[in-house]
Each structure stands twice: as C-alpha cells, then as structure tokens.
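This report introduces a single protein chain to a reader who has not met it before. The sequence and the structure are shown first, and a short account follows.

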Amino acid sequence: MPPRRRPQYTQENIDQQLQQIHLLDPSSSSENLEQLGPIIKQIHSNRQQEAFLRTVQGLVESKDAEIEKICSENYQDFIASVSTLFTVKSYTDKMKESITSLDTSVSQLGRGLVEKKRTLLQSKKTAANLDEAIDTMQACLRVLDVVDRVGEMVREGKYWSALRSLEDIQAMPPTSLSQTPFFQHLLSSLPSLRGQIKDAVTASMKQWLLEIRNVSGEVGRLAMEAVDARARRWRTRREKDPLLRTSRIGSAVELVSHEKTEFSVLDNEKLRVDFKPLFECIHIYTSLDLIEELQRSYQADRKAQSDLILPNPLPLSSLATLTHEVSGFFIIESSVLESTGSFRSERDIEELWECVVAGLTTAIDRALRNETDPDVYLRVKECLINFIVTLETSSYSTTALHSFILTLFEKYAKLLESQFGRRFENVVRQDDHLPMSMEMPSEVEAMLEVVWVSGTEKGEIRRSPLPLDLPWSQTFYLCCQDLRGFIQRFYAFVDGVSQHHRNIDGLLTTSLDNLLIKHISETIGQRLAGTSTLSQIAQIVTNLEHFQVACLELGRSLTNLRSAKRGGTIKLTASDSFQATLSRALTRITGLITSKLDQFFELSEYKWTPPTRENAPSMYLYELVNWLTTVVDSLVIKEAYKDEAYKGALAYIAECFMNLLFGRDVMIMNENAISNILIDVDFLEDELKRIGRPHLAPVFTELRLTTSIPLSNTVHEYLVPAVRQSSYGAVKQKRLQALLEKLAKFGTTQRDPAARELAERRRKEAEAVARLFPGEGY
C-alpha cells in the first residue's frame with residue numbers, strides 16, 4: 001500500500017489559521033485558545049512546527065511594528081497596546097511552551113505509533129505471506145489428494161474417474177501454484193499415471209478375457225440347448241402341417257413363424273456375461289487416443305484363444321463340448337461387434353471364424369479318417385447341424401460347414417451302403433427260397449407295409465384266405481425291410497442340411513442302384529449259378545419279378561417324397577439289372593431242363609440207314625414229354641415264363657434233331673432215317689397241341705423245311721434265289737449241303753444203280769448248294 005501523502009502548509013495558510021483564532025478580538029472578553037488545539041495537532045501531524053513558529057514570530061514582529069506605529073500616533077493606546085502585547089507575549093510564551101511540550105508529547109506518541117504501525121505492517125505482511133503459504137499448501141494438498149484418490153480409484157476399478165481426475169489436474173487454471181516446481185513435477189508425472197491407469201484397465205480386460213474363455217462353453221451350451229428346444233417346437237409344428245414338412249429350422253418359413261422369446265444366452269438366470277471391463281477399456285483407450293493399439297491387442301488375444309479351443313488330435317467324444325466352446329466364443333464376439341460400435345470390424349471376426357471353421361473341419365476329418373461306423377458320422381452331423389443353426393442365428397457364414405457336411409455325407413453314404421450291402425448279401429445267401437407263409441391278418445398287413453408291390457397285388461393278397469403262402473420268399477421281404485431302413489438312415493443324415501435336393505437324392509439314387517444291383521441282383525445271380533433245383537430257381541424268378549416292381553414303386557415313393565421338396569422324378573436303373581438276372585434265371589431253368597433232355601437223347605437209339613420207315617415215334621420221347629410237362633407245369637412262375645421254358649426246351653430238342661441230321665456225328669443216313677425224325681417231330685407237335693401250346697411248334701420250322709427239300713426233290717427250286725427267299729428263308733445252306741452229302745454217301749454204298757444214280761445227283765446238288773453265296777445260306 002503506497003504511503004499517505006502529507007499536506008504542505010504555506011505561509012498564507014498559516015496566516016489564515018491564525019487570523020481565524022481572533023486572539024485580540026476587542027469584542028471578546030475571553031481568549032479563544034481552544035481553537036489552537038486542532039491547529040497545533042494538525043501542525044504536529046504535518047511536522048511543520050518550525051515553519052509555524054517562524055510564521056508566528058513573523059506575525060509577532062508585524063504586530064509589534066503595527067503597535068509601534070500605532071503607539072507613535074497614540075501613546076496611550078500604545079502603552080495599552082504594549083501592555084496588551086506583553087500579555088499576549090506571555091500568553092504566547094506559555095503557548096510556545098505548551099506547544100513545545102505538546103510537540104514533545106506528540107513526537108513521543110508519534111514515534112510509538114510509527115513503531116506500532118511499522119510492527120503492524122510487518123505483521124500484516126507476515127500474515128499475508130502465511131495466508132499465501134497456507135493457500136499454496138492447501139492447493140498442493142488438494143492436488144496430492146486428487147493424485148492419491150487416483151490411485152485409490154484405479155484400485156477400485158474406477159478407471160474413467162481416475163483419468164478424469166488427471167485431466168482436471170492438467171486443466172487447472174493458472175495460479176500461484178502453477179509456477180511452483182512441485183506442480184511442474186506433478187504435471188511431468190501425469191503420463192506415468194495415465195500409463196498406470198492404462199495398464200490397470202488392460203489387466204482388467206485381460207482378466208475379463210480369461211473369464212469369458214472359461215464361460216464360453218456354458219454360453220454355447222445354453223445357446224445350443226435353446227436351438228434344440230426351438231427345433232423340437234418346429235418339428236412338432238411341422239408334423240402337424242404337411243406344408244412345412246420340408247422346411248428345416250433356420251429356413252425362411254421357420255424364421256418368419258418362429259415366436260421369439262426374451263431368453264438371452266448372455267444374460268439369464270444361469271449365466272450373466274458382464275461386458276463392463278471391455279467397455280471401460282475401450283473408453284479409456286479412446287480417451288488416450290490409443291484405440292488402434294487396443295484393437296490389435298484384442299484381436300491377437302482372441303486369435304490366441306481361438307487357437308487354443310481346438311485340441312490336436314480331436315477326440316470325437318468331446319466334439320459336443322468343443323462346439324459349445326466355439327459357439328460361445330463367437331456369440332460373445334457377435335455381441336461385442338454389436339455393442340462396441342467400430343471397435344470390432346466384421347472382417348476381423350470373419351478371419352477368426354474362417355480360421356476356426358477350417359481347423360474344426362480338418363480336425364473332424366482326421367478323427368473320422370479310420371472310422372467305419374456310419375452312426376458315428378450321423379452323430380457328428382447332428383452335432384454340426386445344431387452348431388450351424390446356432391451360429392446362423394448370429395449371422396455367421398456357414399457355407400464351408402454345409403460343404404463339409406456334404407463331404408461327410410458322401411463318406412457316410414458309402415459306409416452305409418457298404419454296411420447294408422453286407423446285410424443284403426447275407427440275406428440272399430441265407431434264403432431257403434421257399435414262399436413265406438402268413439396265418440394272421442395282422443401279419444399280412446405288417447408285411448404289406450414293408451414290401452413294395454403293386455396296388456393290384458396288395459388287393460389280391462388281402463382278399464386271399466388264410467393261411468396264405470405269399471409269392472415271394474424271405475429274401476424279398478428282408479431286403480425291402482433293410483431298404484426302408486437304409487432310406488430312413490440316409491435321410492436322417494440330410495435332415496436339417498440346407499442344400500439343393502438333387503445333390504442328396506441323386507446320391508441316394510446312386511446308392512440304391514448300387515445296393516440293388518451289386519449286392520442284391522448280382523448276389524442273386526451268384527446264388528443262381530450254384531442252384532440246380534428248378535423249384536428254387538422258380539422262386540428266384542418270382543423274387544426277381546417282385547424286385548422289378550419294387551424298383552418302380554420305390555422310385556415312385558421317393559419321387560413323391562422329393563416332389564414335396566421341390567425336386568424332380570427319381571428313376572432307379574436297377575430294374576434293368578433285375579431283368580438281366582431274371583433272364584439268366586430263365587436261361588438257367590432252360591439250361592437245367594436241357595441238361596436233363598441230354599440224358600433222354602442219350603437213350604435215343606436212332607438207326608440212320610433203316611431199311612424201312614417207322615410208324616410210331618421213338619419210345620424215349622414219351623418219357624421226355626411226360627417229364628417235361630410235369631416239371632414245367634409244376635413251376636410256380638408266370639405262364640409266360642413257362643412258355644419260355646417250353647420254348648427253350650423244344651428249341652433245344654429241335655437243335656438236337658438238327659445236330660443229328662446235319663452235324664458231323666452222323667456221317668451217313670438215308671431218307672428213312674429222316675422220315676423217322678419227322679415222325680418224332682409230329683409227335684412232339686401233337687403233344688404241344690394237347691397241352692395247349694401249339695404256338696411253340698414253329699421251333700421245328702427250319703428242320704421241316706430243310707428236310708423237305710431232299711425228301712420232295714426240290715433242290716432245284718431252292719437254287720432259285722426268288723423261291724429260296726420266299727419259301728425257304730429259314731433253311732441254312734451249310735446244313736442243307738451237309739444233309740445232301742450224307743444222303744449221297746449212303747447212295748454210294750448201295751449196289752442198286754438207281755440208288756447210285758440218286759447218290760450222284762445228291763452229290764451234284766450238294767455241290768450246287770455249296771456254290772451259293774455264303775451270305776444267302778445263313
């Protein structure tokens with residue numbers, strides 16, 4: 001505070017003050033000395049005592065001069081004035097003494113006041129310094145308290161509050177504290193404190209990552225259980241509504257009709273995943289402008305955790321637990337993506353997802369490499385389907401998993417085909433080839449529910465009286481039963497697989513054809529080759545017929561099933577294989593019959609140069625015809641197949657006759673032998689008429705036409721191309737030539753000129769026939 005300026009008194013001011021006192025006022029009977037006090041005090045305060053005395057002295061002298069002047073003019077007055085003056089002087093002296101005494105007293109008092117003032121000012125300055133020091137110390141204490149509370153807040157997990165406190169310290173307005181070394185040191189330590197906060201929040205997030213790793217399996221389990229419950233609800237609804245039969249869980253129809261529940265796998269009665277540590281960490285790193293560092297660190301940590309999920313090698317028994325962990329991992333990642341804005345990018349999560357899916361599929365493929373049980377593949381598929389639906393709910397791409405399931409499905413189909421193939425082969429090999437017998441209506445209905453037969457045949461079987469022998473043997477029934485089991489287990493794998501149906505049903509068609517052809521039809525063919533009993537072969541024929549019908553009915557049934565799945569028509573090619581095996585079976589019947597016919601022909605004792613013709617057929621033909629009709633008519637096969645058996649047998653008989661007539665075993669014969677053969681042929685044709693099969697007689701056409709040429713001497717007509725084509729088309733040149741040569745040889749052995757002449761003619765006719773173009777002879 002600047003010192004107060006003291007007022008300066010001039011001579012005029014002092015004169016005016018003295019004049020105001022009116023010391024010699026004639027009208028006043030008393031002295032006005034009380035007015036001197038303020039004046040003297042003021043003079044003393046202003047320290048102008050000397051000036052005042054000099055002024056008073058000057059005033060006295062001027063008054064003396066006035067007095068002398070006045071006295072000179074008026075002595076009496078002068079004397080009075082002198083007397084008055086002395087009185088004034090005495091008063092003045094007294095006043096001077098009083099002033100001096102007062103001045104001394106005032107001076108003493110002033111010096112004391114000055115010392116006190118000085119002491120007071122020093123005290124005030126000291127107090128001001130103390131106040132400033134106290135304020136500074138209090139400010140320091142407040143700052144230190146804030147710093148200390150920062151540590152406490154970090155320990156309590158209040159990272160954002162701690163960071164805000166540091167920002168408040170840095171943003172303090174300028175004060176006296178701002179210039180202190182203490183404050184500057186404190187400011188220099190703020191980065192370290194921020195680093196401590198960053199390290200603490202990072203440690204908190206790392207601990208959170210460890211905790212969510214431990215609960216990921218539980219999250220995935222709850223999510224997959226929710227999907228299972230949803231699948232059961234959808235399955236129940238699908239069974240009630242046929243239009244929904246082909247819609248799997250997760251399809252557009254199911255998603256539209258699905259009634260969403262409020263259940264959250266991350267926040268429920270059993271489990272709650274708190275994302276607060278992550279959110280705090282993101283907030284702190286964002287405030288520190290280090291969010292990119294956190295993103296890289298978080299991605300690296302999650303990548304390491306995802307790598308640790310997959311064991312090497314993978315035990316299939318822990319596949320469900322593994323899918324729970326993977327599901328929980330990516331459900332949490334999906335939640336982080338949705339709740340943290342731009343902290344996580346979809347590409348980062350896709351990289352983790354693609355890496356885990358690739359590792360998972362590779363591990364499963366290795367675990368299944370030596371697996372031969374299709375049920376294991378089915379369990380793996382069921383686990384993966386639930387896994388896929390669970391992750392599709394979180395919008396993850398499951399294309400690679402669906403492709404992998406199709407790959408597993410191909411292997412599963414091969415194993416299933418191999419398993420059922422062995423069962424089919426065992427069924428066929430163990431069949432006794434006897435018709436199945438039914439005694440109860442319930443047995444008949446149960447049987448008809450399993451086998452594939454035409455509607456007409458089903459009706460006939462239902463109307464037939466009991467007990468009933470069915471047309472087929474155990475092979476057909478058990479194969480139909482296993483085929484249904486195969487189809488059921490086949491479609492059990494693809495249930496829930498989202499893929500174009502042609503891929504699945506095309507593979508089913510191929511597998512069914514392989515089973516029907518390689519393991520049923522071909523095995524029946526192998527069994528057929530070792531079967532020599534005609535009744536068993538007849539049963540095989542009936543079974544093969546029903547297998548052909550079953551192929552058509554099975555194809556129609558699968559088509560109806562796939563039509564509901566928006567597919568096309570299914571056609572099995574195995575029917576052709578069964579037809580080929582059926583033809584082999586019929587050929588086998590014919591072969592067995594012909595082998596027996598060979599025994600009869602061994603009993604035939606034809607004479608090739610008889611002198612006369614016979615009037616009756618050969619005796620062995622009676623036994624042959626009796627055996628043939630008995631055996632063929634007793635076969636439980638269609639009339640058409642019996643007809644084929646008769647035709648094959650008669651064709652063989654005709655061929656045997658022709659081998660006798662035209663073959664190399666007989667080198668010489670005459671016309672009587674030929675006539676005897678024709679008598680036997682007539683007998684056989686009569687028997688055909690008797691058994692109601694005259695339409696089979698044309699099997700002897702070639703034999704009759706060929707033998708008619710030499711017997712009727714019409715070789716010259718045969719040599720005419722037009723006649724040969726129109727009348728003798730069935731005659732083969734080589735056989736006619738051989739017959740003519742045999743007749744010529746017989747004539748050369750005769751002594752009769754006519755016979756020898758006929759022999760020469762036969763020889764020439766044989767040569768003429770031999771000169772024909774070979775192509776016209778066959």
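How many nonpolar, polar and charged residues are in the lining of the second largest cavity? By class, that lining has three nonpolar, three polar and two charged residues. The sections below place this cavity in its setting.

## Model and confidence

The structure is a predicted model. The mean pLDDT of the protein chain is 79, and 81% of its residues reach 70 or more.

Confidence varies among the elements of the chain: helix α11 (residues 346-367) has the highest mean pLDDT, 89, while helix α28 (residues 774-777) has the lowest, 48. Where pLDDT is low, the predicted coordinates should not be read in detail.

## The second largest cavity and H433

The structure holds two cavities of 30 Å³ or more. The second largest has a volume of about 50 Å³. Its lining is formed by V428, D431, H433, T475, I524, R527, I540 and N543. Two elements, α17 (501-529) and α18 (534-563), give two or more residues to this lining.

One of the lining residues, H433, is placed in the loop between α13 (399-429) and β1 (435-438). The phi angle of H433 is near 55°, a positive value in a residue other than glycine.

## The largest cavity

Rolling a probe the size of a water molecule over the atoms shows where empty space is left. In the largest cavity, this space amounts to about 80 Å³. The residues that line the largest cavity are L624, V625, L628, T629, Y646, L650, I653, L684, E687, L688 and I691. The elements that give two or more residues to this lining are α20 (619-634), α21 (639-662) and α22 (671-690).

Helix α20 provides the largest share of the lining, four residues. Divided by class, the lining of the largest cavity has nine nonpolar residues, one polar and one charged.

## Packing of α10 and α12

Two packed helices are described by the angle between their axes and the distance between the axes. For helix α10 (residues 319-339) and helix α12 (residues 374-393), the axes come within 10 Å and cross at roughly 10°. Angles under 35 degrees count as roughly parallel, and α10 and α12 are therefore roughly parallel to each other.

On the α10 side, the contact consists of L319, A320, T323, V326, S327, F330 and I331, which meet V380, C383, F387, T390 and L391 in α12. By class, this contact has nine nonpolar, three polar and no charged residues.

## Cis peptide bonds

Which peptide bond has omega near 0°? The bond from N312 to P313 is cis, with that value of omega. P313 is found in the loop between α9 (291-309) and α10, the helix described above in its packing with α12.

The peptide bond from L466 to P467 is also cis, with omega near -5°. P467 lies in the loop between α15 (455-463) and β2 (468-473).

Technical notes:
Residues are numbered from 1 along each chain as its sequence is written. This is a predicted model: local features need pLDDT of at least 70, side-chain atom pairs count only at pLDDT 80 or more; totals for chains, interfaces and linings use all residues. Side-chain values use heavy atoms; hydrogens and water are left out. Axes are lines fitted to C-alpha atoms, for helices over the stretch in contact, and angles run from 0 to 180 degrees between N-to-C directions. Angles under 35 degrees count as roughly parallel, over 145 as roughly antiparallel, 65 to 115 as roughly perpendicular and the rest as oblique. Contact means heavy atoms within 4.5 Å. Ala, Val, Leu, Ile, Met, Phe, Trp, Tyr, Cys and Pro count as nonpolar, Asp, Glu, Lys and Arg as charged, and the others, Gly among them, as polar. On a 1 Å grid over the protein atoms alone, a cavity is a set of points where a 1.4 Å probe fits but cannot get out, and a pocket is an open set with protein on both sides within 12 Å along at least five of seven lines; lining residues have an atom within 4 Å of a point. Grid points are joined across faces, edges and corners, and a volume is the space filled by probe spheres set on the points. pLDDT is the predictor's confidence in each residue, from 0 to 100.
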